[in-house]
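Student: Could you take me closely through one part of this model, residue by residue where that helps, and then set it beside another part of the fold?

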Amino acid sequence: MTDTAPAPAALPQPLWDAVRDLDLPQRHRRDLTAFPEEAGEILLEAVDVLRERDLPAARTLAEALRAHAPGAGHRQFATHQIAAMLRAQGRAEEADTLLGELLGPGLERGVAVLLAEDLAARGDYERALHCYNVVCRGMLAQPPETVAELNRLGLMPLIGRARMREELGMAPDAHDLATRSTDAYLPPLEAHGDLRAAPPRPEAAGAPTGPGRRATPPPPGRNEPCSCGSGRKSKKCCASPLAR
């Protein structure tokens with residue numbers, strides 16, 4: 001009979017039963033005990049580590065997460081990881097089937113970031129735009145003028161969206177124009193170093209000026225609302241290692 005030792009807190013027992021005998025990295029095993037509320041994120045990170053040294057174990061872990069994920073977002077991330085492994089093995093048709101599943105209703109913002117980049121790189125601009133619209137939903141709900149308050153990291157999804165719209169022959173909307181204007185005077189991402197310590201940006205033509213002009217806000221703390229406007233905590237959104 002299979003041993004059914006209790007799973008770490010917040011980890012579904014079926015998921016633990018499926019993965020406990022895998023050679024998980026010790027850091028991730030420790031983190032499962034120390035941070036049980038982040039079990040899904042910890043195991044997803046473990047999949048990426050295992051892919052470098054034990055592909056079958058990585059696939060087993062990702063399949064277990066897909067079947068028994070703590071949350072819908074974890075299931076979507078695991079599905080994306082499986083699709084990436086299939087594509088790397090030349091099994092593009094199977095990968096595309098999973099991709100189609102992800103593009104349905106309920107697509108999580110973090111997964112949409114990854115899909116948008118993948119689809120854009122393959123020239124699938126229409127579906128990439130769909131994903132960028134999901135990523136940018138919170139920002140698009142704000143007036144275009146607020147784009148000027150974003151730092152380089154926060155602006156990147158809007159740049160991707162504007163590029164997809166341009167590739168599809170669509171006229172720029174107000175957010176596209178604000179994005180291009182802000183992009184023209186922001187330093188490159190590499191120049192930021194620590195984004196929290198980024199210096200004030202120089203003014204640019206068309207950007208707000210004077211006393212009402214606000215400096216680039218620093219990225220929020222992990223437990224603060226994300227600056228993208230999604231309403232989620234930063235650690236679960238743009239600051240998440242899963243949204244890289």
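Tutor: Let us begin with L102, which lies in helix α6, a helix that spans residues 92-102. The model is a predicted one, and in it L102 has a relative accessible area of 5%, so this leucine is buried, the cut-off being under 20%. Once its neighbours within four places in sequence are left aside, the residues in contact with L102 are Q76, T79 and H80, together with L107, V111 and L115. For L115 the separation can be given in two ways, since L102 and L115 are 13 residues apart in sequence, while their C-alpha atoms are 8.8 Å apart in space.

Turning to helix α8, which covers residues 125-135, we find that its buried residues are A128, L129, C131, Y132, V134 and V135. The elements that cover these buried residues include α7 (109-121), α9 (137-140) and α10 (152-167). With α10, the helix axis of α8 comes within 9 Å and crosses at roughly 150°, and because angles over 145 degrees count as roughly antiparallel, that is how α8 and α10 are arranged relative to each other. The crossing of these two helices, α8 and α10, is left-handed. On the α8 side the residues that meet α10 are Y125, A128, L129, Y132, N133 and V135, and their counterparts in α10 are P157, G160, R161, R163, M164, R165 and E167. Sorted by class, this contact of α8 with α10 has 7 nonpolar, 2 polar and 4 charged residues.

Note on methods: Residues numbered from 1 in each chain as written. Predicted model: local features only at pLDDT ≥ 70, side-chain atom pairs only at ≥ 80, totals over all residues. Heavy atoms only, no water. Buried < 20%, exposed > 50% of the residue type's maximum accessible area, 1.4 Å probe, protein only. Helix = DSSP H or I, 4+ residues; strand = E, 2+ residues; numbered from the N terminus. Contact = heavy atoms within 4.5 Å. Axes fitted to C-alpha atoms, helices over the stretch in contact; angles between N-to-C directions. Parallel < 35°, antiparallel > 145°, perpendicular 65-115°, else oblique. Left-handed = near helix turned anticlockwise from the far one by under 90°. Nonpolar A, V, L, I, M, F, W, Y, C, P; charged D, E, K, R; others polar.
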